[in-house]
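Before you set this system up for any calculation, I would like to pass on some remarks on its geometry. They are meant to be read with the coordinates open beside them.

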Amino acid sequence: MKRYFLILLVLYALPSLGNKDNDKKLSKKKLIEQADYYFFREDFPKALDLYNQLLHDYPKNHYVQYHAFVAFHLSSGRGTEMTALKEYEANEGVTDKFYNYWLGRIHYSRYEFELAEKHFQAFLDMDIYRTHEIKKESEDLLNQAQRAVAFHNNTNEFEIEQLPAPINSAYSDISPAFYSGHNELLFVSSRSQSTDSSQFKVFHSFKANDKFSAPKSITNLGSFEKSNAKIEIVNNDGRLFVYKNENGGDLYFSEPKYQGWSDLQKFNAPLHSQTIGSHFFINDSETIIYYAGKGNNDNLDIYQSTLDISTNTWSAPMPVAGAINSRYNDDNPFLSHDGRTLYFSSDRPESIGGYDVFKSQLDPSTGKWSRPINVGFPINTIDDEINFQLNEDNISGFFSSNRLHGKGEFDIYYFHKQGKVLASGKVYDQQTGEILPQAKLSFHPIKYQDEVFNVMTDNFGSYQVEIFEEENFIVEVFLENQRLATTQIQSSHDEHRKSFERNFHVSVPDEIAPETDFATLYQGQSTSAEKYEKLELIGNKFRSGEKAIVNNMYFDLHATTIQNESYPALEKIKTVMENNTHLVVEIGGHTCNIGSHETNMSVSLARAESVRSYLVTNGISANRLIAKGYGETRPLASNDDEEDGRELNRRIEIRVIQ
């Protein structure tokens, strides 16, 4: 008791100014720990908010700046300029073993797949300790980046255009539907005068001289949750269909009036009992309905219901025949106007990422749909593509996507087939006039610069590549990944020829900067699983070690009963186990060297069993907890001293098993 009394006297004797300084340092440390918690849980918006709070008071904190940049580029700053972050490579690449992992993630999200591939490979090649989870994830990301390179380099015949403002906004704009010969556009958006962006409304815009009017909401149609935010205009009569999640869910329609749209009416009373899903499609004659609903494996399948005209009754919904439905989510059906092709969105493994658009052909002889194929890039990307619809011409249409460089969460895009022309020419060093072999040219259509046509010059400095005809392009010229020039061209050509020639003269520096060997950036020590981690991060894939010491666990000398002061620490362990449901751990009991070896082994095991029993009693599966006693065999410090030795050795450790 005397020791604690003396400590209190010293604390009360400290000057108040010193206490304030200490409080500020403690507050800073706690705020960094809180920001890191969200960062390593990959809740980047929350982490970024906390890092920005820290930077307000500590603007030169290098650690916080770096993590704030990473959080920014993996959230709201996706696709923005990276110069500021890259400036940290000289320091963070050397000290942060996860630098390559984070840069791989960032470049992947920016569609810079070759750079992402190099960073992921470098992370896997480094001689460092990695958890099983992050190693497996990085291997998967490396494979995805390699797939994405091939996928995005295989550009199909479609050209993409993002609909301009005022259609696309900073909110979600989805489910486009045209009316009156494409002179009027209706769509669903979360834009609103209210602050609740989870509610969607139907908006109407008129098109004149290739410009859209400011969209106005159709207030009498009401509002929708995001999961029900789907509309369709059926061509034969121009009725606007919506889904309302009321009384089990029903389809409603509104008819165009001289000014505006009529109030909603239930589509067909006999249909109600069939429980049609919210992501629906109705054919032009209103005799077939496709929709996405829960399948046997609890994922979405596509169903079909058909109208018997003679009795005005709808058939019981059945999964569509053939090979369309899978063990994954199959959603957002759309039937081509000729009734021969069914398009839908799916997150199946054949997707390059998220939801991709697939198409399937109908076999008229069997009534079954063929195995679906991915419609490819640029309609599909590593992000989500939904609400696909094809125009009557079968060569153009619209869809919604949350892809890179969008204005809001989801935007509306127009696609159309575009003819191609063979571009050819040579690349020269403008100072010497010599040809440049193995130079890379990237042709980006100005209408959608994330679409790209890449080609390498041969040993004679020549290139040939098919690109869109009669289009404006941004062309970049690279040599060993160093950009030498950026220029603009137009792919115009004589109407009797499907080719044109264009040479490029670029300035070549005396020395091309060597490509960075990312695997050699990190200069830290090779770490092992013996390193201790904070308890809060022990279940996290970013943990630096497999073990954590549980602080503030109290037992009486040679006793096994947990003291009341230990319960906050026990609750921390329980929270870790609840937040990481895959985690299996060993609870290790340790003692100092006072007492016999046999007694210490017995006591340490009993203490570990006490912790295990508490966790099991409070809902953690016994199969995830292994208790083991180590006695005095694994000291952390010398047993010659109590406060800095034996006290540290009497402890509970949590070690990750899997």
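The points below go through the helix pair, the nonpolar cores, one sheet and some backbone details of what is a predicted model.

1. I would begin with helix 7 (residues 99-109) and helix 8 (residues 113-125), whose axes come within 8 Å and cross at roughly 160°. Since an angle over 145 degrees counts as roughly antiparallel, helix 7 and helix 8 are therefore roughly antiparallel to each other, and the crossing in which helix 7 passes helix 8 is left-handed.

2. Which residues bring helix 7 and helix 8 together? From helix 7 the contacts are made by Tyr99, Asn100, Tyr101, Leu103, Gly104, Arg105, His107 and Tyr108, and on the side of helix 8 they are met by Phe113, Leu115, Ala116, His119, Phe120, Ala122 and Phe123. Helix 7 is mostly covered, 11 of its 11 residues being buried, and the buried residues include Arg105, His107 and Ser109 as well as Trp102 and Ile106. After helix 7 comes Tyr111, which has a positive phi near 65°.

3. Trp102 of helix 7 deserves a separate look, for it is listed with Phe39, Tyr290 and Ile379 as having the most contacts inside the largest nonpolar core, a set of 78 residues. Leaving aside residues up to four places away in sequence, Trp102 touches Phe39, Phe40, Phe44, Tyr66, Val70, Leu74, Asp96 and Phe542. Apart from this core lies another, of 25 residues, with Ala548, Met553, Ala569 and Leu625 among its members. As general background, nonpolar side chains tend to be buried together in soluble globular proteins.

4. Turning to the strands, an open sheet is formed by 4 of them in the order 27-26-29-30, with antiparallel pairing. Strand 27 (453-456) and strand 30 (482-490) are at the edges and have a single partner strand each, so one side of each is left without a neighbour in the sheet. From one strand to the next, the twist averages 20°.

5. Within that sheet, strand 29 (residues 472-479) pairs with strand 30 in the antiparallel sense, over 8 bridges. If you want a residue pair by which to check the register, Phe473 has Ile489 in strand 30 as its bridge partner.

6. Where do the cis peptide bonds before Pro166 and Pro378 lie? Ala165 and Pro166 are joined by a cis bond with omega of about 10°, and Pro166 is found in the loop between strand 1 (158-162) and strand 2 (173-179). The bond from Phe377 to Pro378 is likewise cis, with omega near 20°, and Pro378 is placed in the loop between strand 21 (373-374) and strand 22 (385-390).

7. Finally, two residues that are not glycines have a positive phi: Ser175, at about 50°, and His405, at about 65°. Is each of them buried or partly exposed? Ser175, which lies in strand 2, counts as buried because its relative accessibility is 2%, where the cut-off for buried is under 20%. His405, by contrast, belongs to the loop between strand 23 (396-401) and strand 24 (411-417) and is partly exposed, with a relative accessible area of 46%.

How values were computed. Residues numbered from 1 in each chain as written. Predicted model: local features only at pLDDT ≥ 70, side-chain atom pairs only at ≥ 80, totals over all residues. Heavy atoms only, no water. Core = buried A, V, L, I, M, F, W, Y, C linked by side-chain atoms within 4.5 Å. Buried < 20%, exposed > 50% of the residue type's maximum accessible area, 1.4 Å probe, protein only. Contact = heavy atoms within 4.5 Å. Pairing = 2+ DSSP bridges. Helix = DSSP H or I, 4+ residues; strand = E, 2+ residues; numbered from the N terminus. Axes fitted to C-alpha atoms, helices over the stretch in contact; angles between N-to-C directions. Parallel < 35°, antiparallel > 145°, perpendicular 65-115°, else oblique. Left-handed = near helix turned anticlockwise from the far one by under 90°.
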